[in-house]
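This report covers contacts between chains and between domains, then one residue and one pocket. Please read the text alongside the structure shown here.

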Amino acid sequence: MSAVQTAVVKDSSMLKQKEMISGNYRKLETAKAEGRKVAATFVPGNLNELIMCFDMANNLPEINAIQNGMRKKTGAYIMEAEKRGHSEDVCTYVKADLGMIAKGNIGPDGQQLPNPDLLLLSYTGCFTFMKWFELLRDQYHCETAMLHVPYQGDGRITKNMISYVVRQLREEVIPKLERVSGVKFDIDRLRENLRRSARAEEDFVWVLESAKSRPSPIDAYFGGVYYIGPIFTAFRGSEDAVEYYRMLRAEIADRLANGQGPVTPSGDMKAERFRLVVEGPPNWTSFRDFWKMFYDEGAVVVASSYTKVGGIYDRGFRHDPDHPLESLAEYCLGCYTNHNLPGRIDLLAQYIEEYQADGLLINSIKSCNSFSAGQLLMLREIERRTGCPGAFIESDLVDPRYFSPANIKNRLESYFQMIDQRRGGPSVAHAA
Amino acid sequence: MTTSTNEIVATCQALFDDLSFSYAREWKSAAPGRIVVGYMPFYVPRELIHAAGGLALGVLGGGDQLEVIQGDAYYQSYICRIPRSTIELGVTNRLDFVDAMLFPSICDVIRNLSGMWQIMFPQVRSRYFDVPQNFSDAVGGAYYIHELNELRDMLAEVSGRPVTDEAIRAATGLYNENRRLVREVYAFRARQPWKAPASEVYLLMRAGMILPVDEHSRMLRDYLDAAAADERPRRDNSRVVVTGAFCEQPPLNLIKSIELSGCYIVDDDFMLVNRWEQEDVPTEGDPIANLADSYLHHSASTAAKYEPDASQKGLFLVDAVRRTRAEGVIFATPSFCDPALLDRPMLQRVLAANDIPYIAFKYAENSGQMQPIREQAGTFADSIKLWSTP
């Protein structure tokens with residue numbers, strides 16, 4: 001039986017975000033006509049505040065793949081890329097992107113995407129990014145700026161790492177952005193953008209941490225992927241992002257004051273039975289079906305690692321306008337998948353304690369070795385350290401062939417039963 | 001005393017088959033203060049390990065002779081095999097004599113394995129060894145020099161003695177000689193592949209993963225002398241370059257199968273660490289700066305390394321074909337190997353643009369069924385003979 005009420009009313013923040021995303025696609029689609037240069041870049045470690053300094057439009061191939069995945073378009077794109085010689089073994093974001101290009105580069109909203117003028121490769125926390133941009137360079141034959149962000153192998157950011165990233169920014173990335181855009185770099189403009197980022201980040205963290213309440217007013221995974229949208233993509237540093245997070249915070253504050261649970265696609269969740277921490281990205285091609293498996297059972301995700309791929313703000317990091325380039329470097333170095341495995345384990349174990357979760361669920365993604373390699377050890381370690389039960393399911397990002405709803409549902413139900421048994425009987429819901 | 005190729009190859013085979021690494025264990029126990037430092041593909045500066053009084057031990061998985069039982073419990077089905085068998089080596093105490101492990105920045109799987117090692121084997125010093133993807137001296141070079149110095153400090157701590165400039169220079173000289181000999185073996189094979197079968201050269205190079213550098217150099221010299229003196233029948237085989245196998249190694253039977261199907265392998269990317277630096281590293285001046293400079297400007301190309309110049313992408317493979325007078329390329333790639341599989345379409349485009357034929361297949365280090373490989377490689381060899389422009 002569904003634990004949600006049926007009336008669905010879109011919050012103002014949802015409408016605002018929708019308009020922001022459409023606006024960015026419009027900006028891309030009109031870029032050539034309006035003489036605007038286009039940068040393509042990735043989500044983790046992106047330099048949106050810097051790109052904004054050069055009046056460039058920002059195209060994010062991962063976001064295109066996600067949007068296409070949610071619109072059920074990626075299956076055909078992936079098959080197209082495989083037909084063209086790309087291995088069935090590799091990342092489906094890459095293949096969805098290349099397949100989309102091969103089929104005419106029509107964006108998720110049905111409009112032609114422009115060829116980028118610059119590929120800004122922020123190589124943060126994922127090896128595949130590097131190859132992806134080499135593959136894109138092969139398609140577009142445009143300039144590529146590489147920003148190599150070292151991995152936190154020893155679980156810390158060293159001065160050498162910061163200085164390496166700053167030097168790359170100063171000596172290679174910024175000059176290339178200037179050359180391609182024709183706009184001179186203005187560090188004060190960057191400081192202003194970073195100041196706005198920090199303001200949005202404050203509100204964003206407040207929203208994430210609201211999940212510590214019982215019942216949680218948010219779902220920090222399925223709902224969380226919407227909340228991270230502006231700050232992880234083409235809007236961090238903009239006034240729109242500040243406004244979005246201000247609105248979102250106010251809405252969540254209301255929910256909190258009213259003792260309401262999270263918003264779901266079927267309306268407000270009425271009863272919170274299970275509180276989970278989730279590791280790994282979601283599946284996008286069956287996103288709503290996947291989410292429903294949780295809210296139908298009264299399961300709320302109170303913290304997730306996926307909402308940290310574009311920065312772990314809830315551990316204190318804020319963009320710092322007083323140290324602009326160093327701050328960008330620290331941001332890039334601090335993204336979740338750039339942390340070593342012991343650091344990721346620490347974070348997730350802390351989340352289980354801080355958010356009073358019932359356990360850890362890992363959604364292991366076939367495409368994403370950066371997340372997935374080592375997750376079985378993470379599961380064991382976190383179970384050992386917290387005493388909370390863990391569960392493991394497998395799916396993929398945007399390849400519909402790797403989403404098996406019956407298997408996943410079966411595992412989830414067994415997991416929820418196991419949590420109940422550990423509690424000594426069926427769980428009592430926290431009514432909203 | 002002259003040593004025959006058979007004797008040398010038998011020694012190499014015994015080292016290859018020994019999954020307890022007895023040689024390295026004995027080397028370590030032969031003198032006090034010795035350390036063994038394991039490393040995974042594709043490259044680490046072994047000079048520093050040697051200068052620390054250590055033995056650099058290449059850890060290349062378990063091959064097809066190791067039954068992986070516990071290792072599989074750590075990985076999903078869609079992850080390659082080398083980390084599983086490496087974990088198996090660890091949890092079955094086959095690496096219990098290793099003092100430190102280095103995990104180079106080859107891909108996300110090996111990167112994450114570095115963290116797993118820290119958790120599972122806390123008594124071993126484990127380090128993720130990051131190399132720059134920016135090749136400017138002032139940027140990537142400055143970063144890398146710092147990383148090399150950190151590694152140097154770590155090795156000094158593990159060995160309990162300082163790693164001096166002088167010792168690094170001496171080690172650099174020894175590795176320069178070793179790389180010269182490795183290049184000579186490869187050149188010899190490219191000239192007379194019937195005298196240096198790929199399976200023999202493979203075992204010979206593999207011995208370099210465990211022997212001290214000077215001993216390996218002696219072996220290479222002996223092999224060159226013995227192989228040159230051997231009379232072996234010359235076959236009408238096709239000459240091929242094998243690429244994509246720079247990390248998880250193919251089973252030896254796969255290499256033999258390619259040869260049996262009518263191909264002479266005249267170049268490959270197995271164990272790139274043996275010939276990573278393509279020129280001698282200077283032995284005068286600052287030895288750390290010299291290593292950094294060699295990495296930035298004189299090292300091999302592989303999928304794990306960014307190619308900043310789009311026009312140069314894949315040309316290393318075309319050069320290898322031209323240099324060795326190869327007639328085609330075989331992409332032999334481990335299943336689920338992100339770097340090699342993502343790189344492959346770009347390399348294939350460059351080969352096609354240069355009219356170089358190629359085929360591709362995947363393997364795992366424990367692949368057992370060779371018939372499809374033999375058929376595919378055999379057909380490729382035949383097609384080269386029948387259809388390629390002379």
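In this predicted model, the contact between the two chains draws 56 residues from chain B and 55 residues from chain A. Together, chain B and chain A bury about 4700 Å², and carbon and sulfur atoms account for 56% of that area. On the chain B side, the residues that lose the most area to chain A are B:Tyr78, B:Tyr306 and B:Leu342, which together make up 15% of what that side buries.

A second contact lies within chain A. The domain assignment divides chain A into domain 1 (12-186) and domain 2 (190-431). The C-alpha centres of these two domains of chain A are 23 Å apart. Their contact involves 59 residues from domain 1 of chain A and 54 residues from domain 2 of chain A. The area buried between domain 1 and domain 2 of chain A is about 4500 Å², with 63% of it from carbon and sulfur atoms. A:Gln17, A:Met20 and A:Glu49 supply 14% of the area that domain 1 of chain A buries against domain 2 of chain A, more than any other three residues.

The buried areas of both contacts are listed below.

| Parts in contact | Buried area | Share from carbon and sulfur |
|---|---|---|
| Chain B and chain A | about 4700 Å² | 56% |
| Domain 1 and domain 2 of chain A | about 4500 Å² | 63% |

Is A:Gly69 buried or exposed? Its relative accessibility is 0%, so A:Gly69 counts as buried, the cut-off being under 20%. A:Gly69 belongs to helix H3 (residues 61-70) of chain A. Leaving out residues up to four places away in sequence, A:Gly69 touches A:Thr74, A:Trp284, A:Thr285 and A:Val398. One of these partners, A:Val398, is 329 residues from A:Gly69 in sequence, yet the C-alpha to C-alpha distance between A:Gly69 and A:Val398 is 5.1 Å.

The second largest pocket has a volume of about 940 Å³. It is lined by 42 residues, of which B:Gln278, B:Ala300, B:Ser301, B:Phe316 and B:Arg323 are the closest to its centre. In chain B, the elements that each give two or more residues to this lining are helices H7 (165-191), H11 (287-297), H12 (315-324) and H13 (338-353), along with strands S5 (238-243) and S6 (263-268). Which element gives the largest share of the lining of the second largest pocket? That share comes from H12(B), with seven residues. Sorted by class, the lining of the second largest pocket consists of 18 nonpolar, 10 polar and 14 charged residues.

Note on methods. Residues numbered from 1 in each chain as written. Chains lettered and ligands numbered in written order. Predicted model: local features only at pLDDT ≥ 70, side-chain atom pairs only at ≥ 80, totals over all residues. Heavy atoms only, no water. 1 Å grid on protein atoms, 1.4 Å probe; cavity = no way out; pocket = protein on both sides within 12 Å on 5 of 7 lines; lining within 4 Å. Points joined across faces, edges and corners; volume = space filled by probe spheres on them. Helix = DSSP H or I, 4+ residues; strand = E, 2+ residues; numbered from the N terminus. Nonpolar A, V, L, I, M, F, W, Y, C, P; charged D, E, K, R; others polar. Buried < 20%, exposed > 50% of the residue type's maximum accessible area, 1.4 Å probe, protein only. Contact = heavy atoms within 4.5 Å. Domains from an automatic or database assignment. Buried area = accessible area lost by both parts, 1.4 Å probe.
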